[in-house]
Amino acid sequence: MGNMNNNPLPTKSVAKRPAFLGSLSLRAKLILGNMLVLALAIVGTGYYVYSRTNQANTYLTGQLEKNVLQQAQDGLTNISTARAMELNNFFVLMSRDITTIGTTASNLLTDESTLNNVSYWNAFMALERLPNGSWDNLNSEISSVFVPAKVELKPDLAVELDTIKQLDLTVPIILKQNPDTVAIYFGGTSGETIYYPNIDLAAIVPPDFDVTSRPWFLKASPAQNPQRKSVWSDPYLDAALHGLIVTTSAPVFDSGGNFRGVTAMDIQLNRITELVSNIQVGKTGYAILIDKNKRLIAMPAAGYKDLGLTPETVPLGEVLDPTKPSGIPASLFSVFDKTASGKSGIDTLSFGGVERFVSYDPIPAIGYGLVIIAPSNELLANAIAAKQQIALQTTSTLTRSLLLVVAILVVALIATLLIGNSLTSPLIALTKTAEAITEGDLSAEAGIRGRDEVGKLAKAINTMTASMRSMIQSLEQQVEDRTNDLLRKTLSLQSAALVAHDAAETQDLKTLLTRTVDLITNRFDFYHVGIFLLDDSGEHAVLQAASSEGGQKMLARGHRLVVGLQGIVGTSAYQNRSQVVMDVENDPNYYHNPDLPLTRSEAAIPLKARGNVLGILDIQSTQPSAFHQDDIDVLQTMADQIGLAIQNARLLTESQDAIQRLEMSTSENIRQVWRERVRLNKHSYRYTSMGFTSATQPGNMPTNGDTSSDRLNIPITLRGQTLGTIVLQRKTEKTWNETDRALALEIASQVGLALENARLLDEAQRRAAQEQSLSKLTANLGSSLDPETILQTAIRELHQLPNVAEVSAYISSPQASKDVSSKSS
């Protein structure tokens, strides 16, 4: 420790300022510093302005190119998005039409039984079975009806055909409104087909044609379409020279949720191809439409030319495969992959020696993707003219910036002189105020008034000194308050300990309760203190002790409260926790006791022992909010001690009662036993100079200590019962003194104990003899299995018992009886 005290404290090295700076005033330092800054600024500004101008020129040019590039890409993206939305709307309308037709068919099938009564078309009359077995209708009807040869025209099928045939009223209108729609048809689950327009379907398809095996039917059926939405087929080339065709289909269900068939619509993509071919961006830009399988749907002649392809090598409907030589750049296939996965965006690709912007957007209604390709130089043609304009503007800006910088430097020099003077004067005043505070003058205040930083600093210093003055006064008051609070807590704990000590020393329950309420009242100066104990049923809390005048009135009339229902005493007993009401006048649920009209606050503390509620310590005060948490804690500790004391007093009382009952029972037993023993065998002895002789028992038992001048009667007692009497006769007529009497009483007491011990020994011996006889009898009986021998043995052994003159045993049965007896001689 001594070595540690001798070690010097570590110091931190601080760079020293030049001596001439320390001798300058703050005002001089400010002016000198600003002049140096201005000089450096004048030297560096020229270079800075020049370099920044060149940088600005380069930056603006780059920004222009970037903005033009962004605008070009945004324009291309907007065109792509708009065209993709236009194409998507086309397929949405087609999907909506087939959904409408499917819904109409479902509604017709729902009302199938009702509509069948209205004769629009009759399958039995309109259909004819052809020689090949299939069923056909007239070519003059609006739609073709075909039923495969393997299907019989039964009533259920006929009713369905009659019902679906009513689509003749709506489908032709849809065909007329949509020139891109080639055909609309319905395929039933039995293989029947209704086709619009009437193309004599039975003459085209084979007789065993099964519509339920067609891809458009399977794709719309519940197994592959649990959502029951309209679906689209892959595009295919139409054999009737309609070009690329795509089929959309929707399932048909009746009201019972039964799948009845599929409605479908064939749509030619000629108009889609035309729309894609008309998309043009720049001079040579073009668009490509592909499906999710990268099948080519539409591409204009400009696209074939740009990619070096021909319609013969890559026809519409061809799947674009990067593994096959086709002339399409590999980088373009990455865009096709993104489009097939439903992504949208714009990429920059280079192929054929030309940089191109490639924008792609999905067509979610059918799962197609639109790709627009445009050379980047066609979209950035205006950037060169803009660069020249920027160069001219940059030169002009450079000249003006140099002039402006010079003017700013001159003005800054003048402003520095003025600002330096305005700053130093208030700082000097603040320094003087700070020095006064450092010397201990807390009344010193800065006289600077302003809203700038210096004014705020002055205000902060004034606030700090005022806070220090207030803090010193507050600390003194806090010390005094905490000292008083600690003293109050100490007195409360001492009082609680005294109450608990006195309660523990008192064994009588009523005295314990009365002393407890008086001690608490005197020590804590409460208005009323009462102790309630729960009755045997636990349903009522009965007042047992009270310290106030009103409490004595309640005691006189046997005041009790229902547990859980009346007052905070009943609530505390029911919930097994303390209840406190800080102001009874503001508590609507408080029970106002007319015997305690001055109560303003009340606390009910459970008296517990081993977790069980024995009663409630009820404390009431004339002051509102008289109970703090510290007081509750002290009272709870005291209540726990009182609860244990009550439990101990109850246990002591119960033990004393049990001992008293046991002594009375023992005394009564001794009295009866000795009465019977004296009745059977009366004993009376006299001892004289001649020795022991029999004596006649006196007729009246003398009481304890009955004496005459030469005679002393001493009772022989045992546990409060008189067993006999000892009579002492003096040889002379000398009077018996107290010592003689005490000795005689002690001898008589020992005689009583000896007689009782002899009686107990005699009873034990007789019981042992009985047990021995019983054991012998049991052994003799078990030694033979002959009934005759067993009976004789039992009679012989029983005859040997004391005071037994004759023993007989009888065994009776329906046929005969035996009599074996033994008589004493």
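1. Let me start with one residue pair: Glu-602 sits across from Gln-620 of strand S20. Keep in mind that we're looking at a predicted model. The strands to look at here are S19 (residues 601–609) and S20 (residues 612–621), which run antiparallel to each other and share 9 bridges.

2. Zooming out, S19 and S20 belong to an open sheet of 6 strands, ordered S17-S16-S15-S20-S19-S18 and paired antiparallel. The edges are taken by S17 (560–562) and S18 (579–581); each has a single partner strand, so one side of each has no neighbour in the sheet. On average, and ignoring direction, neighbouring strands in this sheet are turned by 25° against each other.

3. Two helices lie across this sheet. H18 (residues 567–575) crosses S15, S16, S17, S18, S19 and S20, at about 30° to S19. H17 (residues 549–556) lies across S15 (528–534) and S16 (540–546), and its angle to S16 is about 130°.

4. There's also an open sheet of 5 strands, in the order S11-S10-S14-S13-S12, again with antiparallel pairing. S11 (296–298) and S12 (345–351) are the edge strands here: with a single partner strand each, one side is therefore left without a neighbour in the sheet. The average turn between neighbouring strands of this sheet is 30°, direction ignored.

5. Inside that sheet, S13 (residues 354–363) and S14 (residues 368–375) form an antiparallel pair over 8 bridges. Have a look at Phe-357, which stands opposite Ala-374 in S14.

6. Last one: helix H10 (residues 270–277) lies across S10 (286–290) and S11, running at about 145° to S10.

Methods. Residues are numbered from 1 along each chain as its sequence is written. This is a predicted model: local features need pLDDT of at least 70, side-chain atom pairs count only at pLDDT 80 or more; totals for chains, interfaces and linings use all residues. Side-chain values use heavy atoms; hydrogens and water are left out. Two strands pair if DSSP finds at least two bridges between them. Helices (H or I, at least four residues) and strands (E, at least two) are DSSP runs, numbered from the N terminus. Axes are lines fitted to C-alpha atoms, for helices over the stretch in contact, and angles run from 0 to 180 degrees between N-to-C directions. Contact means heavy atoms within 4.5 Å.
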